[in-house]
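This report describes a protein structure for a reader who is new to the subject. Please look over the sequence and the model before reading on.

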Amino acid sequence: MTATTYREAVRTAHREALQRDSRVFLMGEDVGQYGGSYACTKGLLEEFGAERIRDTPLSEAGFVGAGIGAALAGMRPIVEIMTVNFSLLALDQIVNNAATIRHMSGGQFSIPLVIRMATGAGRQVAAQHSHSLECWYAHVPGIRVVAPATLADARGMLWTALEDPDPVVIFEHATLYSLEGELPDDARSVDIDRAAVLRPGHDVTLIAYSANVQKAMEAAQQLAAEKIDAEVIDLRSLRPLDDATIMASVRKTRRAVVVDEGWRSGSLAAEISARIMEQAFYDLDAPVGRVCSEEVPIPYPKHLEDAAVPQPEKIAAAVRALFGDHG
Amino acid sequence: MPSLGADMEAGTLVEWLKKPGDRVVRGDVIAVVETHKGAIEIEVFQTGTLETLIAKPGQKVAVGLPMAFIRGEGEGAAAPAAAPTSQEAQPTPRVAMPPPPGPLTVPPLTAPAGVRASPAARKRAAELAVDVKRIAGTGAGGAITLADVEHAAAAPAPSPIDAMRQAIGAAMARSKREIPHYYLAHTIDLEPALRWLEEENAKRPPPERVLYGVLLLKAVARALHEYREFNGFWTNGRFQPSERIHLGVAISIGKSGLIAPAIHDVDNLPIPQLMSALRDLVARARRGGLRSSELSDPTITVTSLGEQSAETVFPVIYPPQVAIVGFGMVLERPWIVAGAVVPRRVISCSLAGDHRVSDGHRGARFLSAVARLLQEPQSL
Amino acid sequence: MTDHGDKVRLDREHLLHLMREMMRIRRFEERCVELYSGTKIRGFLHLYIGEEANAVGVMQALNPKDAVITTYREHGHALARGIAARPLMAEMYGKIEGTSRGRGGSMHVFDKATRFYGGNAIVAGGLPLAVGIALADKMRGERNVTACFFGDGATAEGVFHESLNLAALWKLPVMFVCENNRYAMGTAIERAESQIDLVRHAESYAIRAEAVDGMDVVAVEIAARRAASLVRETGEPYFLENRTYRFRAHSMYDPELYRTKAEVEEWKKRDPIPFLEAWMHNTGTLHSDDLPRLEAAIAAEIDDAVAFAEAGHWEPVEDLCRDVMTPPDMRKKEAAA
């Protein structure tokens with residue numbers, strides 16, 4: 001075991017992938033000489049060279065499409081889009097090419113592309129740099145979407161994603177990069193289609209992904225002191241969603257709160273709530289609650305930004321609301 | 001009419017550019033058609049002679065329907081123009097809803113541990129006092145719906161009352177079959193007891209007032225001390241007298257239900273406590289909150305049909321008990337006191353006894369004992 | 001069989017081959033008009049009539065290991081690349097025997113065997129793919145050319161600029177072939193581009209470029225061979241602006257309110273097929289029975305393709321959601337590939 005950070009886990013994952021498979025290469029803005037805008041790829045250029053660590057011009061559509069083309073032609077590219085905020089420029093390539101070519105070609109071509117992006121709010125970088133648009137990607141058939149919330153997943157999901165013949169979009173919450181923890185020294189890949197129960201409980205199910213997993217765990221601690229025993233699920237995979245794990249939990253606890261940093265309207269939380277209603281309606285003892293971002297572009301001042309996004313207190317309050325008078 | 005666009009369903013003929021008799025060659029422009037994008041020239045795909053014009057300028061024609069006939073070269077009959085393929089329906093198959101595919105199928109709702117009733121159904125069930133557990137659901141997967149609850153509430157299906165009726169009937173039939181009943185009745189002057197009670201009650205606030213029935217119960221219980229052959233059970237062909245005196249009190253439930261649970265050790269209960277016990281018992285009986293021991297413990301039953309009653313009751317013994325005491329209505333009657341005729345409130349007290357255990361001689365003395373005790377209400 | 005040297009053979013055999021290839025496309029497209037009018041082909045149909053010289057000419061410079069990526073106006077490229085008329089027509093019909101199991105239709109023809117990467121319906125959407133395909137070939141040390149076809153309209157899209165820049169910056173073997181037919185749907189190039197000399201766009205990204213007469217199949221072939229040779233040798237991109245014209249509307253149909261009939265008639269005088277025919281006449285390489293023979297053979301081929309498509313099958317609705325993701329049993333295989 002080694003004490004390390006999420007950022008380091010991402011970097012290690014890259015190094016291992018580049019060493020393991022000569023088809024793997026990395027493209028993105030400032031991934032090389034700058035060392036990665038979040039320092040996730042520092043040193044890789046020196047180790048692997050400019051052919052495999054390619055700094056791109058500011059051409060999201062261009063280099064994401066190039067990644068798709070390279071995958072089409074047999075390589076295993078990792079394309080880093082600096083943040084989900086800039087990914088909008090490449091949305092056409094992702095939605096109209098990466099997600100569709102397998103289908104439009106009648107199964108002739110697959111696109112083994114991995115796209116990584118930083119996402120989320122919490123660093124006072126204001127409206128255009130703070131989006132959580134995971135649900136837009138999770139909406140589209142033809143791609144997989146994952147959100148590693150732990151060091152083990154930061155390290156292991158990239159491996160599995162690179163082995164996947166289909167496009168995988170990995171969302172790394174920007175506030176997680178400095179997360180500290182321990183990792184076993186022997187690298188291991190992890191599955192990318194199942195959710196994980198991080199904290200078993202009996203009274204309510206908290207469903208979260210990415211940075212909100214931690215917030216849900218904090219809320220669970222608060223609630224434990226109030227004798228409410230919360231089960232916390234880390235979704236890990238946003239498309240496909242692991243219905244089986246979610247429903248098994250909700251059948252047990254009969255209450256659920258979904259935490260999602262996307263805006264409430266048309267959120268991934270709304271999708272999960274709908275699925276719970278479809279599959280576990282008769283097991284519910286209360287409506288499914290949601291804690292999402294408020295309907296406002298993310299503001300700059302800290303107190304407003306904090307108020308705009310999910311927080312442990314809000315999660316705990318949402319849980320309490322499910323219990324009515326009985327507390 | 002050719003299809004001229006992905007969303008075109010019909011076009012309007014503006015003008016014909018050829019007339020019947022004209023020779024046409026594949027690729028010739030034959031007419032102008034108006035679409036929402038504008039006027040478009042349409043061509044023919046056959047070579048031959050234009051024979052008949054079908055559509056008229058200004059006419060709207062659906063895509064696929066004939067506009068004109070062209071006689072092909074070497075053809076006898078006319079062939080339709082501008083719709084070179086047959087007028088069969090769309091080449092695409094009729095759209096049938098595909099079955100819910102693959103991994104995003106909503107999996108069948110699996111049965112949870114409890115009853116599958118919708119929130120709306122549960123709410124209504126509570127309003128109508130219907131037990132959801134007894135309802136067969138007609139919703140998906142056997143779930144209980146709102147309609148199921150309303151249906152169950154409307155149907156008078158086996159209610160607890162009817163079940164009780166059957167049980168009572170069975171017990172009474174058995175009683176009459178097996179127990180040789182004898183009957184005695186005695187009219188008791190209840191005036192002293194009632195007057196005493198009225199004075200006592202006047203001193204008490206309404207919640208603490210005592211009903212006269214309580215005095216009757218206590219009198220019966222005290223009388224049983226001396227006449228033990230009326231207090232016990234007939235089991236295994238023998239009489240088992242009971243050490244303790246648990247009076248079964250007949251309580252009516254709803255319109256047609258009757259139940260006779262026990263108040264325990266009535267002989268030892270002071271009047272106020274006996275009143276509370278009676279009140280509690282009646283409430284719980286009517287609510288369905290009796291304990292099973294209360295139903296099986298009575299050593300003798302007392303039935304008083306109250307103010308809506310008859311003058312004298314001829315009750316039936318509840319097996320395995322061996323006696324039952326009945327009280328009729330309190331009536332005002334002319335009575336002889338010290339040689340004078342005075343109005344007194346009197347009550348008929350009757351006894352049905354199991355002749356295997358007791359006889360009329362003892363029964364009569366038992367009733368006299370009850371009467372005597374009721375003359376001294378303050379001692380009860 | 002084409003060789004990828006930069007010498008064009010102008011003998012009878014080759015010229016007949018060019019003629020046949022262009023006529024195949026022409027007749028195929030004409031038949032599509034009829035089928036579309038008769039609702040056999042649905043959705044959008046973009047015809048290549050008038051532009052045949054471009055696909056045919058460029059394909060002479062490519063070998064089977066090269067890659068081709070094109071737009072929704074792709075039937076000509078598909079046929080010239082070697083995709084058979086039968087599966088192409090079946091794809092137009094939407095039948096399971098089509099190149100994409102009928103899933104794509106007119107705008108999304110793909111063929112792995114000939115490295116034909118579509119069929120893209122987003123204008124300029126295929127350019128970054130071409131960059132990536134060329135990147136992959138280069139990284140693997142292959143001397144392949146990626147031929148990327150697009151129209152004048154694409155040069156306005158941001159991603160056109162991003163792709164040219166990337167191709168030049170990273171020295172990628174892309175042959176950009178701009179089929180400038182002067183109209184982006186209904187917008188004439190003068191109304192869409194501040195710089196209508198498209199070669200200059202490419203040159204601004206330090207890409208070698210030349211303009212070609214897209215109505216002359218021999219001129220196109222000469223330029224394409226030269227370009228492909230250079231791309232193969234240097235590994236660097238090349239830009240061809242093929243100046244051409246479509247005789248029909250942008251798609252089935254539009255009333256062509258944006259250009260005059262006179263202009264169309266003027267360009268029809270430069271129809272590449274009669275143009276080649278005249279040239280062959282003048283050089284004595286055309287015999288009197290050549291064209292009728294070709295016509296008959298082509299008609300038979302197309303009739304056969306239509307019959308094949310008519311007799312084809314609809315994919316069962318139960319299979320609606322296949323080929324969205326790679327099926328589990330194929331995952332391991334593709335991971336190792």
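The text below treats chain A as a whole, then a sheet in chain B, and finally one residue of chain B.

**Chain A**

The model is predicted. In chain A, the secondary structure amounts to 13 helices and 14 strands. Its radius of gyration is 20 Å, close to the 20 Å that the globule rule gives for 327 residues, so chain A is as compact as a globular protein of that length. The table collects some overall values for this chain.

| Property of chain A | Value |
|---|---|
| Span of the C-alpha trace along the principal axes | about 65 × 45 × 40 Å |
| Share of buried residues among the 327 residues | 63% |
| Exposed area | about 11500 Å² |
| Part of the exposed area supplied by carbon and sulfur atoms | 54% |

The contacts within chain A often link distant parts of the sequence: of those between residues at least 6 apart, 81% join residues at least 24 apart.

Chain A is divided into domain 1, covering residues 2-183, and domain 2, covering residues 196-320. The centres of these two domains of chain A, taken over C-alpha atoms, are separated by 26 Å. Contact between them involves 32 residues of domain 1 of chain A and 25 residues of domain 2 of chain A.

**A sheet in chain B**

In chain B, 6 strands make up an open sheet with mixed pairing, and their order is β9-β18-β17-β16-β12-β15. Which strands stand at the edges of this sheet? They are β9 (181-189) and β15 (262-263) of chain B; each has a single partner strand, so one side of each is left without a neighbour in the sheet.

Within the sheet, strand β12 (residues 247-249) and strand β16 (residues 300-304) of chain B run parallel and are joined by 3 bridges. V249(B) has V302(B), in β16(B), as its bridge partner. Helix α8 (residues 360-374) of chain B packs on the sheet, where it touches β9, β17 (323-337) and β18 (340-354) of chain B. The direction of this helix makes about 25° with that of β9(B).

**The residue K218(B)**

K218(B) lies in helix α5 (residues 212-223) of chain B. Is this residue, K218(B), buried or exposed? The relative accessible area of K218(B) is 5%, and buried means under 20%, so K218(B) is buried. Beyond its neighbours within four places in sequence, K218(B) is in contact with several residues, including V266(B), D267(B), L269(B) and L380(B). K218(B) and L374(B) are 156 residues apart in sequence, yet their C-alpha atoms are 9.0 Å apart in space.

How values were computed
Residues are numbered from 1 along each chain as its sequence is written. Chains are lettered from A and ligands numbered from 1 in the order in which they are written. This is a predicted model: local features need pLDDT of at least 70, side-chain atom pairs count only at pLDDT 80 or more; totals for chains, interfaces and linings use all residues. Side-chain values use heavy atoms; hydrogens and water are left out. Two strands pair if DSSP finds at least two bridges between them. Helices (H or I, at least four residues) and strands (E, at least two) are DSSP runs, numbered from the N terminus. Contact means heavy atoms within 4.5 Å. Axes are lines fitted to C-alpha atoms, for helices over the stretch in contact, and angles run from 0 to 180 degrees between N-to-C directions. The radius of gyration is taken over C-alpha atoms; the globule rule is 2.2 Å times the number of residues to the power 0.38. Buried means under 20% relative accessible area, exposed over 50%, partly exposed in between (1.4 Å probe, protein chains only). Accessible areas come from the Shrake-Rupley method with a 1.4 Å probe; for residues, only the protein chains shown count as cover. Domain bounds come from an automatic or database domain assignment.
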